[in-house]
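Colleague: I should like to learn how the features of a structure are read. May we go through them one at a time?

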Amino acid sequence: MQREAMLTQLGYAPNGALVNQLERIEKNTSGYEKIQKHIMDLHDHLKVDGSYVALSNSNDYFKIKVEAPSVEIAEEAHEKIKHFSDKFKVTLNKLENKETYYILGFHH
């Protein structure tokens, strides 16, 4: 998938800085080519819960942000994230005391 298309699908208006950031994230995410499509699918699945995948402002990783309107919907989003991680062998780092995860990459 082209970087501009991926940025658009994630809700960004592509520009040079965002394309460069996405390129750094791709290089920093181990096994990126194996999980790229699954990251986009996760983003689509989470949107119904008010959650999403985005580019991190502070680290060169994708972040998953759970911003659900209720505890039940947040739990559903966390279940989808766990399923994504388990099924596609993706290493995540959940930030302490936050509803945010970083996608670190594919693991065997």
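Modeller: Let us begin with helix α4, which covers residues 71-88. Please bear in mind throughout that this is a predicted model.

Colleague: How many residues apart are E76 and K80 in helix α4?

Modeller: The general idea comes first. An α-helix has 3.6 residues a turn, so residues three or four places apart point the same way. In the present case, E76 and K80 are 4 residues apart, about one turn of the helix. Their side chains meet in a salt bridge, with 3.7 Å from N to O.

Colleague: Which residues are linked with E76 and K80 in a network of salt bridges?

Modeller: The network consists of D49, E76 and K80. As for accessibility, E76 counts as partly exposed because its relative accessibility is 41%. K80 also counts as partly exposed, at 24%.

Colleague: Where do D86 and K82 lie?

Modeller: Both are in helix α4, 4 residues apart, which is again about one turn of the helix. The side chains of D86 and K82 form a salt bridge with an N to O distance of 2.7 Å. K82 is partly exposed, since its relative accessibility is 46%.

Colleague: How many salt bridges does the structure hold?

Modeller: There are 8 in the structure. One of them pairs R3 with E26, whose closest N and O atoms are 2.7 Å apart. This pair links distant parts of the chain, for R3 belongs to helix α1 and E26 to helix α2, with their positions 23 residues apart in sequence.

Colleague: Is E26 buried or exposed?

Modeller: A residue is called buried when its relative accessible area is under 20%. E26 has a value of 15% and is therefore buried. Its partner R3, at 28%, is partly exposed.

Colleague: What is the nearest side chain of opposite charge to K63?

Modeller: For a charged residue, one may look at its burial and then at its charged neighbours. K63 lies in strand β2. The residue is buried yet has no salt bridge; the nearest side chain of opposite charge belongs to E67, 7.3 Å away. A salt bridge requires the nitrogen and oxygen atoms to be within 4 Å. Leaving aside residues up to four places away in sequence, K63 touches several residues, among them Y52, V53, A54 and L55, as well as T100, Y101 and Y102.

Colleague: How many bridges join strand β1 to strand β2?

Modeller: There are 4 bridges between β1 (residues 52-55) and β2 (residues 62-65), and the two strands run antiparallel. One may follow a single bridge as an example: Y52 has K65 as its partner in β2. A hairpin of 6 residues connects β1 to β2.

Colleague: Why does the span of helix α3 agree with its number of residues?

Modeller: Helix α3 (residues 32-47) has 16 residues, which at 1.5 Å a residue should span 22 Å; the C-alpha atoms at its ends are 22 Å apart, so the two agree. Buried residues of α3 include Y32, I35, I39, L42 and L46.

Colleague: Where is N15 placed?

Modeller: N15 is in the loop between α1 (3-9) and α2 (16-28). A polar atom of its side chain lies 2.8 Å from the backbone nitrogen of L18. N15 is partly exposed, because its relative accessible area is 39%. Although N15 and E4 are 11 residues apart in sequence, their C-alpha atoms are 8.1 Å apart in space.

Notes. Residues numbered from 1 in each chain as written. Predicted model: local features only at pLDDT ≥ 70, side-chain atom pairs only at ≥ 80, totals over all residues. Heavy atoms only, no water. Pairing = 2+ DSSP bridges. Buried < 20%, exposed > 50% of the residue type's maximum accessible area, 1.4 Å probe, protein only. Polar contact = N/O pair within 3.5 Å; in protein donor to acceptor, adjacent residues only side chain to side chain. Expected span 1.5 Å × (residues − 1). Lys, Arg positive; Asp, Glu negative; His and termini not counted. Contact = heavy atoms within 4.5 Å.
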